[in-house]
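Subject: Handover of a structure and notes on its contents

Dear colleague,

Please find below the structure that I am handing over to you. My notes on it follow directly after.

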Amino acid sequence: MLFVHYPKCTTCKRAKKWLDEHQISYEERDIKENNPSLEELKEWYQRSGLPLKRFFNTSGMLYKEMKLKDKLPEMSEDEQLALLASDGMLVKRPIVVTEDQVLVGFKEAQWEEEL
């Protein structure tokens, strides 16, 4: 299982603590140092079944600075995925990637059920 996170993010810290408490083993990846590639993002998006907007860190400073709330609706899926691949700080985190699923963000009840 891959756990993609930003170490300074409080939600990511809570998610990591939850994984540790449930003795779930994972491979850790810092999203700032090792941003997901365009290919990974495409695959995760398709496997997640989520709308692409859910992959954006809408509360992040970069998202707000770039005024993406207004720009995203006019962009194609490929343009949005390329944008996500350009900077890890635009990507919603944590992301958990297992053999059969992709979870975006940390919702304890969902993780309890899915993992």
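Phe56 touches Tyr63, Leu68, Leu72, Gln80, Leu83, Leu84, Leu90 and Lys92, when residues up to four places away in sequence are not counted. Please keep in mind while reading that this is a predicted model. Phe56 also belongs to the largest nonpolar core, which has 25 residues. Together with Trp44, Phe55, Leu68, Leu84 and Ile95, Phe56 is among the members that touch the most others in this core. At least two residues of the core come from each of β1, α2 (38-48), α5 (77-86), β3 and β4. Another core lies apart from this one; it has 10 residues, including Ala15, Trp18, Leu19 and Val96. As general background, nonpolar side chains tend to be buried together in soluble globular proteins.

The sheet

In what order do the four strands of the open sheet stand? The order is β2-β1-β3-β4, and the pairing is mixed. At the edges are β2 (27-30) and β4 (102-104), each of which pairs on one side only. On average, neighbouring strands of the sheet are turned by 15° against each other, direction ignored. In general, strands of a sheet pair through backbone hydrogen bonds, either parallel or antiparallel. Here, β3 (residues 95-97) and β4 run antiparallel and are joined by three bridges. Within β3, Val97 has Val102 of β4 opposite. Helix α1 (residues 10-21) lies across β1 (2-5) and β2, and runs at about 160° to β1.

Two buried residues

Val4 is found in strand β1. Is Val4 buried or exposed? With 0% relative accessibility, Val4 counts as buried, because the limit for that term is under 20%. Leaving aside neighbours within four places in sequence, Val4 is in contact with Arg29, Ile31, Trp44, Arg93, Pro94 and Ile95. Of these contacts, Ile95 shows how the fold brings together distant parts of the sequence: Val4 and Ile95 are 91 residues apart in sequence, yet 5.0 Å apart in space, C-alpha to C-alpha.

Gln101 is located in the loop between β3 and β4. Gln101 counts as buried, because its relative accessibility is 14%. Which backbone atom does the side chain of Gln101 reach? It is the oxygen of Glu114, at 3.1 Å. Apart from neighbours within four places in sequence, Gln101 is in contact with Arg47, Val96, Glu114 and Leu115.

Aromatic pairs

How many aromatic pairs does a search of the whole structure find? The search finds six. One pair is formed by Phe3 and Tyr26, whose ring centres are 5.3 Å apart and whose planes stand at 65°, so the pair is edge-to-face. Phe3 lies in strand β1 and Tyr26 in the loop between α1 and β2, so this pair ties together parts that are 23 residues apart in sequence. Phe3 is buried, with a relative accessible area of 0%.

Phe106 and Trp111 make another edge-to-face pair, because their ring centres are 4.7 Å apart and their planes are at 80°. Both residues are buried: Phe106 has a relative accessible area of 13%, and Trp111 has a relative accessibility of 0%. Trp18, Phe106 and Trp111 form one aromatic cluster. Trp18 is also listed above as a member of the core of 10 residues.

Backbone details

Three points concern the backbone. Arg93 and Pro94 are joined by a cis peptide bond, with omega about -5°. Pro94 lies in the loop between α5 and β3, and both Arg93 and Pro94 are in contact with Val4.

Gln23 has a phi near 50°, a positive value in a residue other than glycine. Gln23 lies in the loop between α1 and β2 and is exposed, with a relative accessible area of 73%. Lys67 likewise has a positive phi, near 55°, and is a residue other than glycine. Lys67 is found in the loop between α3 (61-65) and α4 (68-71). At 53% relative accessibility, Lys67 counts as exposed, because the limit for that term is over 50%.

Yours sincerely

Methods. Residues are numbered from 1 along each chain as its sequence is written. This is a predicted model: local features need pLDDT of at least 70, side-chain atom pairs count only at pLDDT 80 or more; totals for chains, interfaces and linings use all residues. Side-chain values use heavy atoms; hydrogens and water are left out. Two strands pair if DSSP finds at least two bridges between them. Axes are lines fitted to C-alpha atoms, for helices over the stretch in contact, and angles run from 0 to 180 degrees between N-to-C directions. Contact means heavy atoms within 4.5 Å. A nonpolar core is a set of buried Ala, Val, Leu, Ile, Met, Phe, Trp, Tyr and Cys residues joined through side-chain atoms within 4.5 Å. Buried means under 20% relative accessible area, exposed over 50%, partly exposed in between (1.4 Å probe, protein chains only). A polar contact is a pair of N or O atoms within 3.5 Å; within protein, one must be able to donate a hydrogen and the other to accept it, and residues adjacent in sequence count only if both atoms are side-chain atoms. Rings of Phe, Tyr and Trp (its six-membered ring) pair if their centres lie within 6.5 Å; planes under 30 degrees apart count as stacked, over 60 as edge-to-face and the rest as tilted.
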